[in-house]
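Biologist: I have a structure open on my screen and I'd like to learn how to read it. Can you walk me through it?

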4 protein chains.
Amino acid sequence: MPVERDIAMQSHTVDIRVRYQETDQMGVVYYANYLVWFEIARTEFFRALGLDYRGLEETRKIYLPVVEASCRYRSSIRYDDKVTLIVKLSSVKKARINFEYEVNCGGRLCATGMTEHTFVNSAGAPIPIPAEVRKVLSIAV
Amino acid sequence: MPVERDIAMQSHTVDIRVRYQETDQMGVVYYANYLVWFEIARTEFFRALGLDYRGLEETRKIYLPVVEASCRYRSSIRYDDKVTLIVKLSSVKKARINFEYEVNCGGRLCATGMTEHTFVNSAGAPIPIPAEVRKVLSIAV
Amino acid sequence: MPVERDIAMQSHTVDIRVRYQETDQMGVVYYANYLVWFEIARTEFFRALGLDYRGLEETRKIYLPVVEASCRYRSSIRYDDKVTLIVKLSSVKKARINFEYEVNCGGRLCATGMTEHTFVNSAGAPIPIPAEVRKVLSIAV
Amino acid sequence: MPVERDIAMQSHTVDIRVRYQETDQMGVVYYANYLVWFEIARTEFFRALGLDYRGLEETRKIYLPVVEASCRYRSSIRYDDKVTLIVKLSSVKKARINFEYEVNCGGRLCATGMTEHTFVNSAGAPIPIPAEVRKVLSIAV
């Protein structure tokens, strides 16, 4: 009986506008900012699933630190571009979840990425995925 | 008997190197980053005075939020420039302290600024300047 | 005959959601990020006035660097808060324009600020406000 | 005759101090900032090899955009921590170079990462690694 299982790729889409602050002197979005966008996509995905991530931290003292992140940059993005972020829950394990991301702009796929997260308590100790979260994520399966 | 008093302009100097991330598509340092540099200068000034700001937060649960900040930009600064930050304690009131900043680069004064801070406890309530901090700051008078 | 004149306080409103990245370990939005929000408000204000700031840079090689910025912080703002930015054009001089900002959250005025800008060409030399921009800004008068 | 070859892991070490701005409300360094640190390490590695990356952009109009980046987070890092970055050139291909990174703090390996870069001209078109850069990098082999 596998602990991990593949889940259907239900996704959520978020539109953002590129900030001047997010550019660098190469005239394009600085590469670390894609990870900031991934975080926005996660928050909005959770909200769409009925899960309030802020409340999870504030009320339940449960946190989702990132244990791994990667991004593949295919085409650069510029100031004031309208960017469409697509986030998918790609796997749920006993204590970890994985997201995949697409960054689209002007009808082109500009970047892809992934993040892996654990669940920890306020002391930073790993915990299993809370039942309420597991239930919500099953909607995304 | 005045609560506020002018204090001698003892200063502290910190050198930093401009990060690529700090630039924008105008090819110069993005304006909000000067406030990040002010924060670095404050931390190092405190350290030079023998005051561990991190410890103040962690151990004493005392925080110094910014209540006002301003910056006047005179000359732009570029990637990889070596920047010299000069911070001065400009005034100490009952519950507030003010810092002034100079941002120098290539022998030129590129920006000036100020910040005003209150002291608050972990509940965010204003508190008088703690005795240990007042004592340390008196060195800077 | 005064070069400067007061202009009617026509304003523009922009809603944003606070990013996790914008918080710091005090649990609130880091102070420099308010200046990033001011920039977002300016861009959207220009767009609402029919002025494409990106195009101004790309096509006309005209830039609006900040020469002064300030912010007064009244009440802290947290992750995932919905923030309403109000930007007003407060003065137009021969070669400079000034904006004022309000940062509102949860029905409270949390911060106020201002920025002053010059117009420069691609060589960084000051230029008068271009006619097309002056015309657009007169709508905001 | 292989285009790619493994190169000896000559490395460069850079010390930085964690900025308050780099933390988030979890009380640790926000995950995207590790990629900013990687960029600092690259710049300083180039400088140590006698290669001025700023000059490469300014004079030669040669740029090194990131085409892939990843980071594995093992242990969190806090405000004011002294962080030691170790960067290694891990492979040199015809038109791409790869770096590997270690992020150490308090005697612990806190994160590892990699970036892959292409060389492009001012039009953004891919170019072979310039001879002067290839020569410098051969020092690092």
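Biologist: Let's start with the rotation axis. Which residue of chain B comes closest to the rotation axis?

Modeller: That's I16(B), with its C-alpha at 5.1 Å from the axis. Bear in mind as we go that this is a predicted model.

Biologist: And what does such an axis tell me?

Modeller: Here's the general idea: two copies of a chain are related by a rotation about an axis and a shift along it. In this case, chain B is superposed on chain D by a rotation of 180° with 0.0 Å of shift along the axis, at an RMSD of 0.0 Å. The two copies are therefore related as by a two-fold rotation axis. The same surface serves both copies, too, since 100% of the contact residues of chain B recur in chain D.

Biologist: What turn lays chain D on chain A?

Modeller: A turn of 180°, with a shift of 0.0 Å along the axis and an RMSD of 0.0 Å. For that pair, S70(D) is the residue of chain D that comes closest to the rotation axis, at 2.0 Å for its C-alpha. Again the same surface serves both copies: 100% of the contact residues of chain D recur in chain A.

Biologist: Back to chains B and D. How do I put a size on an interface?

Modeller: People often give it as the accessible area lost when the parts come together. Chain B and chain D bury about 1900 Å² between them, and 42% of that is on carbon and sulfur atoms. On the side of chain B, the residues that lose the most area to chain D are R19(B), R54(B) and Y79(B), which together make up 36% of what that side buries.

Biologist: How many residues does each chain bring to the contact?

Modeller: Chain B gives 20 residues and chain D gives 20 residues.

Biologist: What about polar contacts and salt bridges there?

Modeller: Between chain B and chain D there are 16 residue pairs in polar contact, counting pairs with both residues at pLDDT 80 or more. As for where the chain B side comes from, the elements giving two or more residues are helix 1 (33–48) and helix 2 (53–60) of chain B. Helix 1 of chain B supplies the largest share, seven residues. By type, that side of chain B divides into six nonpolar, two polar and twelve charged residues.

Biologist: With charged residues in the picture, how many salt bridges cross the interface of chain B and chain D?

Modeller: Six. In one of them, the side chains of R47(D) and D80(B) meet at 2.7 Å, N to O. In another, E22(D) pairs with R19(B), also given as 2.7 Å from N to O.

Biologist: Why does the pair of E22(D) and R19(B) join two chains?

Modeller: Look at where the partners sit. E22(D) is in the loop between strand 2 (11–17) and helix 1 (33–48) of chain D, while R19(B) is in the loop between strand 2 (11–17) and helix 1 of chain B, so the pair joins two chains. E22(D) counts as buried at 1% relative accessibility, and R19(B) is buried as well, at 7%.

Biologist: Which residue forms a salt bridge with E22(B)?

Modeller: R19(D), with the closest N and O atoms 2.7 Å apart. E22(B) lies in the loop between strand 2 and helix 1 of chain B, and R19(D) in the loop between strand 2 and helix 1 of chain D, so this pair joins two chains. E22(B) counts as buried at 1% relative accessibility, and R19(D) counts as buried at 7%.

Biologist: Can you show me a salt bridge inside a single chain?

Modeller: Sure. R54(A) forms one with E58(A), with the closest N and O atoms 2.9 Å apart. The two are four residues apart in helix 2 (residues 53–60) of chain A, which means about one helical turn separates them.

Biologist: Is R54(A) buried or exposed?

Modeller: Buried, at 18% relative accessibility, where the cut-off is under 20%. E58(A), at 41%, counts as partly exposed. R54(A) has company in helix 2 of chain A: Y53(A), G55(A), L56(A) and E57(A) are buried too. Just after that helix, K61(A) takes a positive phi of about 55°.

Biologist: How many salt bridges does the whole structure have over all chains?

Modeller: The search finds 44. Some link up, as in the network of E68(A), K93(A), R96(A), E116(A) and R72(D).

Note on methods
Residues are numbered from 1 along each chain as its sequence is written. Chains are lettered from A and ligands numbered from 1 in the order in which they are written. This is a predicted model: local features need pLDDT of at least 70, side-chain atom pairs count only at pLDDT 80 or more; totals for chains, interfaces and linings use all residues. Side-chain values use heavy atoms; hydrogens and water are left out. Contact means heavy atoms within 4.5 Å. Buried area is the accessible area (1.4 Å probe) that two parts lose on being put together, summed over both. A salt bridge is a side-chain nitrogen of Lys or Arg within 4 Å of a carboxyl oxygen of Asp or Glu. A polar contact is a pair of N or O atoms within 3.5 Å; within protein, one must be able to donate a hydrogen and the other to accept it, and residues adjacent in sequence count only if both atoms are side-chain atoms. Ala, Val, Leu, Ile, Met, Phe, Trp, Tyr, Cys and Pro count as nonpolar, Asp, Glu, Lys and Arg as charged, and the others, Gly among them, as polar. Copies are superposed by least squares on the C-alpha atoms of residues with pLDDT of at least 70 in both. Buried means under 20% relative accessible area, exposed over 50%, partly exposed in between (1.4 Å probe, protein chains only).
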